[in-house]
Amino acid sequence: METTNNLEEAIELLQQLGLKEYEARCFVGLIRLDSGTAKRLSELTEVPRTRVYDAIRVLEARGLVQIQHSSPQQFRAVSLDEATETLRDQYEDRVERLYDALDTVDIVEQDDETPIQQVWAMSGRDVIENRTNQLVEESAEEIVLVVGDESLLTEDLVTALNDVGPEADLLIGALTESVQDRIERAVPNAKTFRSGLEWLHGANATEDATAIGRLLLIDRSTILVSTIIPDTREERAIFGEGFGNGLVVIARRLMAQGLLTARDPAR
């Protein structure tokens, strides 16, 4: 059962990378064979024999399959390392081309002025982490981050935090001592503190209660707050910018509970 699940997952992932279903099935089938004919591949993958040839031509053009022009023809997949590297290069090339294409699109002018204060909803851990890392990288003066869920302290986030220059204050809070210790080891240039935000989880919080994921305040004007859905572990967030000074001061005071008074310039 596990092997079947792995095969189906591989086929699905290959389709997400741009292969059609029969192409993905043929490639996965050839990974399982040293080499094979169209007849053997059709039997193994349940792809119609006439469609195997079409799929193989596409796979060869993408650098994933080699053909031996014998009678009958023999097919074999390139090595797994070579295949994954080829797919990665092709995927990254498409992403770069997409960026270049969208970057030249004309912006439609709006008649109404953009509101000063904006709040947006986001969902998905990858999306929220990318926004978090981008905000950290673009910060100029101060970053206040409270890590409510240890799983969010990823390698990419740690890298972004360690890349913060000396011109910006980096303050990171944790809800527990163990997480604070981990942050101190991972981001040695940060000022760490035990956050006083345990109350956000509720005094009688249960395992099925929605938990705070991350709280981020950038340059006292941009705020990101996320929660973790208990059943699915999905992360959802709200992201806002252009807030008035009063709200920012309140948010910063709450987020920085536990920070040394002398280090809090807002006091």
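The following legends describe close-up views of a predicted model.

**Figure 1. The aromatic pair of tyrosine 53 and phenylalanine 75****.** The structure holds one aromatic pair. Because the planes of the two rings stand at 85°, with the centres 6.3 Å apart, tyrosine 53 and phenylalanine 75 form an edge-to-face pair. Tyrosine 53 belongs to helix α4 (residues 49-61) and phenylalanine 75 to strand β2 (residues 74-77), so the pair ties together parts that are 22 residues apart in sequence. Are the two partners buried or exposed? Phenylalanine 75 is buried, at 1% relative accessibility, whereas tyrosine 53 is partly exposed, at 31%.

**Figure 2. Arginine 131 over the ring of phenylalanine 239****.** Arginine 131 is placed over the face of phenylalanine 239. The distance from the ring centre is 4.6 Å.

**Figure 3. The largest nonpolar core****.** In soluble globular proteins, nonpolar side chains tend to be buried together. The largest nonpolar core here contains 26 residues, and the members touching the most others are Leu161, Leu170, Ile172 and Leu216. Two or more residues each come from α6 (125-138), β4 (142-147), α7 (155-162), β5 (169-174), α8 (177-186), β7 (211-218) and β9 (235-241). Of these elements, α7 gives the most, with four residues. Beyond its neighbours within four places in sequence, leucine 161 is in contact with Val136, Leu145, Leu170, Ile172 and Val187. Another core, of 23 residues, lies apart from this one and includes Val28, Ala38, Ile56 and Ala83.

**Figure 4. The surroundings of arginine 62****.** Arginine 62 is located in the loop between α4 and β1. Which side chain of opposite charge is nearest to arginine 62? The nearest is that of glutamate 23, 5.4 Å away. Arginine 62 is buried yet has no salt bridge; the cut-off for a salt bridge is 4 Å between a side-chain nitrogen and a carboxyl oxygen. Setting aside residues up to four places away in sequence, arginine 62 touches Leu17, Gly18, Leu19, Thr86, Leu87, Gln90 and Arg94.

**Figure 5. A salt bridge between helices α1 and α2****.** Side chains of opposite charge can pair when their charged atoms come close. The structure holds 13 salt bridges. One of the salt bridges is formed by arginine 25 and glutamate 8, at 3.5 Å from N to O. This pair links distant parts of the chain, with arginine 25 in helix α2 (residues 21-31) and glutamate 8 in helix α1 (residues 2-16), 17 residues apart. Glutamate 8 is partly exposed, with 38% relative accessibility.

**Figure 6. Two salt bridges within helix α5****.** Arginine 88 and glutamate 85 meet through their side chains in a salt bridge of 2.9 Å, N to O. These two residues are separated by about one helical turn, because they stand three residues apart in helix α5 (residues 80-103). Arginine 88 is partly exposed at 42% relative accessibility, and glutamate 85 is partly exposed at 39%. Aspartate 93 forms a salt bridge with arginine 97, with the closest N and O atoms 3.5 Å apart. Aspartate 93 and arginine 97 are four residues apart in helix α5, and therefore about one helical turn separates them. Aspartate 93 is partly exposed, at 36% relative accessibility, whereas arginine 97 is exposed, at 53%. Elsewhere, salt bridges that share partners join Glu8, Glu21 and Arg25 into one network.

**Figure 7. Strand β1 and the loop that leads to β2****.** Glutamine 68 is part of strand β1 (residues 65-68). Apart from residues up to four places away in sequence, glutamine 68 touches Gln73 and Gln74. Between the C-alpha atoms of glutamine 68 and threonine 37 the distance is 9.7 Å, and the two residues are 31 apart in sequence. Proline 72 lies in the loop between β1 and β2. A cis peptide bond, with omega of about 0°, joins serine 71 to proline 72.

**Figure 8. Positive phi angles at aspartate 219 and arginine 233****.** Where does aspartate 219 lie? Aspartate 219 is in the loop between β7 and β8 (222-228). Although aspartate 219 is not a glycine, phi is positive there, at about 50°. Arginine 233 lies in the loop between β8 and β9. The phi angle of arginine 233 is likewise positive in a residue other than glycine, near 60°. Arginine 233 is partly exposed, with a relative accessible area of 40%.

Terms used: Residues numbered from 1 in each chain as written. Predicted model: local features only at pLDDT ≥ 70, side-chain atom pairs only at ≥ 80, totals over all residues. Heavy atoms only, no water. Phe/Tyr/Trp six-rings, centres within 6.5 Å; stacked < 30°, edge-to-face > 60°. Buried < 20%, exposed > 50% of the residue type's maximum accessible area, 1.4 Å probe, protein only. Lys NZ or Arg CZ within 6 Å of the ring centre and 35° of its normal. Contact = heavy atoms within 4.5 Å. Core = buried A, V, L, I, M, F, W, Y, C linked by side-chain atoms within 4.5 Å. Lys, Arg positive; Asp, Glu negative; His and termini not counted.
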